[in-house]
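Trainee: I should like a close look at one part of this structure, namely the salt bridges and the cavity beside them in our discussion. Could you take me through them step by step?

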Amino acid sequence: MKAEKSASQPGLLGRRRALGLGIAAAVFSLARPALAGPSSPPRRVHLVNPHTGESFDDIYQENGEYLPDALRQLDLLLRDHATDKVHTIDPGLIDLLSGLQRRIDRPQPFHVVSAYRSPETNAAARRHNRHVARNSLHMHGKAVDVTAPNLDIRKLTRAAIAMEAGGVGAYPHANFVHLDVGPVRTW
């Protein structure tokens, strides 16, 4: 007979209950702001979208709370420039970009090569490059490709990897770095 832990045994969690608690914890953690409290310093980010000429250089989080108007502006700036479709960008991705700018002490903006990609744009990219993921994190507002004019792309890549905040892909020949808030990994 297969031994299975159940909720009826004292001190043990059944698999379903443990899974339910895990899901509840994940949902709760998504609902919390990224910073702990009102004493947290404001966060800002400086980005330019060279495809549209738009830029953002402002605070997007203050007193531990994301600023909805700033996030809407960032969603628009990071839209799919090929289709003009706007998607909600994961605030954690903005935190990653802001943290990277602070880490390399760079007041100049990152230039956005690609951020949100609609399914149509992602499919077109896959037709041109077999390495583009079928279910790319770009399609979920969780990835961005950036470059930093007048900064060695290797320095930007090393700083992003050191943050251990998600995926980092280096594309030195194309002069950009892929950043995402998925699992920590490099390529």
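**Salt bridges and the cavity**

Mentor: Let us begin with Asp57, which has a relative accessibility of 43% and therefore counts as partly exposed, as the value lies between 20% and 50%. Please keep in mind that the model is predicted.

The side chain of Asp57 meets that of Arg44 in a salt bridge, with 3.4 Å from N to O. This pair links distant parts of the chain, for Arg44 belongs to strand S1 (residues 43-49) and Asp57 to strand S2 (residues 54-62), 13 residues apart. Arg44 also counts as partly exposed, because its relative accessibility is 42%. In general, side chains of opposite charge can pair when their charged atoms come close. The count of salt bridges in the model comes to 10, and two others deserve attention here.

One of them joins Arg72 and Asp69, whose closest N and O atoms are 2.2 Å apart. Here both partners lie in helix H2 (residues 68-77), with their positions 3 residues apart in the numbering, or about one turn of the helix. Asp69 is exposed, because its relative accessible area of 51% is over the 50% cut-off.

The other is formed by the side chains of Arg79 and Asp84, at 2.6 Å from N to O. Arg79 has a relative accessibility of 9% and so counts as buried, a class that requires a value under 20%. Asp84, by contrast, counts as partly exposed at 49%. Salt bridges that share partners join Glu54, Arg79 and Asp84 into one network.

Arg79 leads us to the cavity, since this residue is also part of the lining of the largest cavity. A search of the whole structure finds 1 cavity of 30 Å³ or more, and the volume of the largest cavity is about 40 Å³. Besides Arg79, the residues that line this cavity are Asn49, His51, Leu77, Leu78, His81, Val112, Val113, Ser114 and Ala115. By kind, the lining divides into 5 nonpolar, 4 polar and 1 charged residue. Strand S4 (residues 110-114) supplies the largest share of the lining, 3 residues.

To draw the two topics together, Arg79 pairs with Asp84 in a salt bridge, and Arg79 also lines the largest cavity.

Definitions and conventions
Residues are numbered from 1 along each chain as its sequence is written. This is a predicted model: local features need pLDDT of at least 70, side-chain atom pairs count only at pLDDT 80 or more; totals for chains, interfaces and linings use all residues. Side-chain values use heavy atoms; hydrogens and water are left out. On a 1 Å grid over the protein atoms alone, a cavity is a set of points where a 1.4 Å probe fits but cannot get out, and a pocket is an open set with protein on both sides within 12 Å along at least five of seven lines; lining residues have an atom within 4 Å of a point. Grid points are joined across faces, edges and corners, and a volume is the space filled by probe spheres set on the points. Helices (H or I, at least four residues) and strands (E, at least two) are DSSP runs, numbered from the N terminus. Ala, Val, Leu, Ile, Met, Phe, Trp, Tyr, Cys and Pro count as nonpolar, Asp, Glu, Lys and Arg as charged, and the others, Gly among them, as polar. A salt bridge is a side-chain nitrogen of Lys or Arg within 4 Å of a carboxyl oxygen of Asp or Glu. Buried means under 20% relative accessible area, exposed over 50%, partly exposed in between (1.4 Å probe, protein chains only).
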